[in-house]
Each structure stands twice: as C-alpha cells, then as structure tokens.
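Open the model in your viewer and keep the sequence panel beside it. The tour goes from one selection to the next and says what is there.

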Amino acid sequence: MNNSFKIIVLFIGIALGFIPFGACTPTHNPPSDIVSNENELSGNVVGIKDGDTIVVMHNGKGKTIRLYGIDAPEKKQDYGTKAKQFLSDLVFNKTVTVNVKDKDRYGRTIGEEYLQDGTNANHEMVRAGLSWWYEQYAKNDENLKRLQNEARTNKIGLWSLQNPTPPWEFRKRK
C-alpha cells in the first residue's frame, strides 16, 4: 500500500469517526524483521538449533523458539541430524509466523510455526517421521496424534527403526 492511499484512508476514517483523532499520533513502528503481539510473532528464521528449536529475528535479536507439541531426536540419536536438516530445509532463511502457546522452564517461547504458504512446520516434522508427538505437552492435539500414527504405520523416518528411543528417554540416560 502506498503512503498516499494510507493517508486518504486515515483521513476518511477520522472524518467518519471510525478512528479517534488521538490515535493518529505517530508511534514507534517495530523493526521490519518482526511483527508481534502477545500471541503471535513473525520473523525470518536465522538459526536451527536442532530438530525442534529454531531462532527467529525479533526486535533485531535472535529469539529462540521451541516447536510446540513435538520432540525431535537429540543430535546424537538416530535421526537427530536428519531431523535438524529437514527442519532447516523447511524453514531456514524463510519468514515464519509463530502462534505462541507458552514459555518453557528455560524461558524459550513455545509455538506453532507456519510458513507464508500456510505449511505448519510442527506437523511436517511429525509427518516426515522426524519427531515424536510430545503427548505430555500437547495431549489434545489430534492432528499431531494422527500424523504420528500415519508415520508409524507407514514406517517413515525414525519409525523405520525396530524400536526407536523417544528423546525424553534418551535424555534421562545421559
């Protein structure tokens, strides 16, 4: 939208009473690398920490985001490197919108990541058999449950292994 059009729409909104005149006071706009509110943020993915954690530019700084409802294999586990690479191929250097769900005990934002075409990165990780549905933290997520069951039934990714070890069990053994 060009600036002339924005100004015309603003004046019409004021004239018709849709926009209070005080709302026209200039404010500081967020940097172009991020749009955010309490429940959603958007930005460019600048880092992939592992198969379920990314870094998104937020206010000029990298913000660590943990993918909601999934748990990918650890780096030293079978499929750990493949999970990280798949997630990187899917989202690195692309703009994502994060639907914020919560914060974890480490202060990381937990959310569902969507690409601009609407692809849900969390779902794609489970669909590809490169992540577990983290039922403990997403009990009622029927989509993740269904996607995991499909991947398991079709022996996709880590489900091709005879007895894959969930990452939460692998971490306990460390």
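What should the twelve residues of helix α2 (residues 80-91) span at 1.5 Å a residue? The model is a predicted one. Select residues 80-91, which form α2, and look at the two end C-alpha atoms: the expected span is 16 Å, and these atoms are 17 Å apart, which agrees.

**The two sides of α2**

Stay on this helix and colour Gly80, Ala83, Leu87, Leu90 and Val91, which are buried. Turn the view to look down the axis of α2: its buried residues fall within an arc of 95°, so they line one face of the helix. Now select Thr81, Lys82 and Asp89, exposed residues on the face turned away from the buried side of α2.

What do the buried residues of α2 pack against? Show β2 (40-50), β3 (53-58), β4 (61-67), β6 (95-103), β7 (109-115) and α3 (121-127), and you have the elements they pack against.

Go back to Asp89 in α2. Asp89 has a relative accessible area of 51%; the cut-off for exposed is over 50%, so Asp89 counts as exposed. Draw a distance from the C-alpha atom of Asp89 to that of Ile48: the separation is 9.9 Å, though the two residues are 41 apart along the chain.

Then check both flanks of the helix. Tyr79 sits in the loop between β5 (70-71) and α2, and its phi is positive, about 75°, although Tyr79 is not a glycine. After α2 comes Asn93, also with a positive phi, near 65°.

**The whole chain**

Zoom out. The protein has five helices and eight strands, and along the sequence they follow the pattern α-β-β-β-β-β-α-β-β-α-β-α-α. Of its 174 residues, 38% count as buried. Take the contacts between residues at least 6 apart in sequence: 57% of them join residues at least 24 apart. Switch on the surface, and the accessible area comes to about 10,900 Å², with 51% of it belonging to carbon and sulfur atoms.

**The nonpolar core**

Which residues touch the most other members of the largest nonpolar core? They are Ile54, Leu87, Val91 and Val96, in a core of 31 residues. α2 gives the most to this core, with four residues. Centre the view on Val96 and show what surrounds it. Leaving out residues up to four places away in sequence, Val96 touches Leu41, Ser42, Gly43, Val45, Ile54, Val56, Val91, Tyr114 and Leu115.

**Strands β2, β3 and β4**

Select β3 next. Five of its six residues are buried, so β3 is largely enclosed by the rest of the structure. On one side of the pairing list is β2, which runs antiparallel to β3 and is joined to it by four bridges. Asp50 stands opposite Thr53 in β3, and the hairpin of β2 and β3 has two residues between the strands.

β3 also pairs with β4, again antiparallel, through six bridges. Pick Met57 and find its bridge partner Gly62 in β4. The hairpin of β3 and β4 has two residues between the strands, and Asn59 in the turn has a positive phi of about 50°.

**Strands β6 and β7**

How many of the seven residues of β7 are buried? Six are, so β7 is largely enclosed by the rest of the structure. Three bridges join β7 to β4, and this pair runs parallel; look for Arg66 opposite Ile110 in β7. With β6, β7 pairs in the antiparallel sense over seven bridges. Asn99 has Glu112 in β7 as its bridge partner. Follow the chain round the hairpin of β6 and β7: there are five residues between the strands, and Gly107 takes a positive phi near 85°.

**Two last selections**

Select His123 in helix α3. Is it buried or exposed? At 13% relative accessibility, His123 counts as buried. Apart from neighbours within four places in sequence, His123 is in contact with Glu112, Asn143, Leu144 and Leu147.

Finish at Lys155, in the loop between α4 (142-153) and α5 (167-173). Lys155 is exposed, with a relative accessible area of 56%. Its phi is positive, near 50°, in a residue other than glycine.

Note on methods: Residues numbered from 1 in each chain as written. Predicted model: local features only at pLDDT ≥ 70, side-chain atom pairs only at ≥ 80, totals over all residues. Heavy atoms only, no water. Expected span 1.5 Å × (residues − 1). Buried < 20%, exposed > 50% of the residue type's maximum accessible area, 1.4 Å probe, protein only. Arc of directions from axis to C-beta. Contact = heavy atoms within 4.5 Å. Areas by Shrake-Rupley, 256 points an atom, 1.4 Å probe, with all protein chains shown as cover. Core = buried A, V, L, I, M, F, W, Y, C linked by side-chain atoms within 4.5 Å. Pairing = 2+ DSSP bridges.
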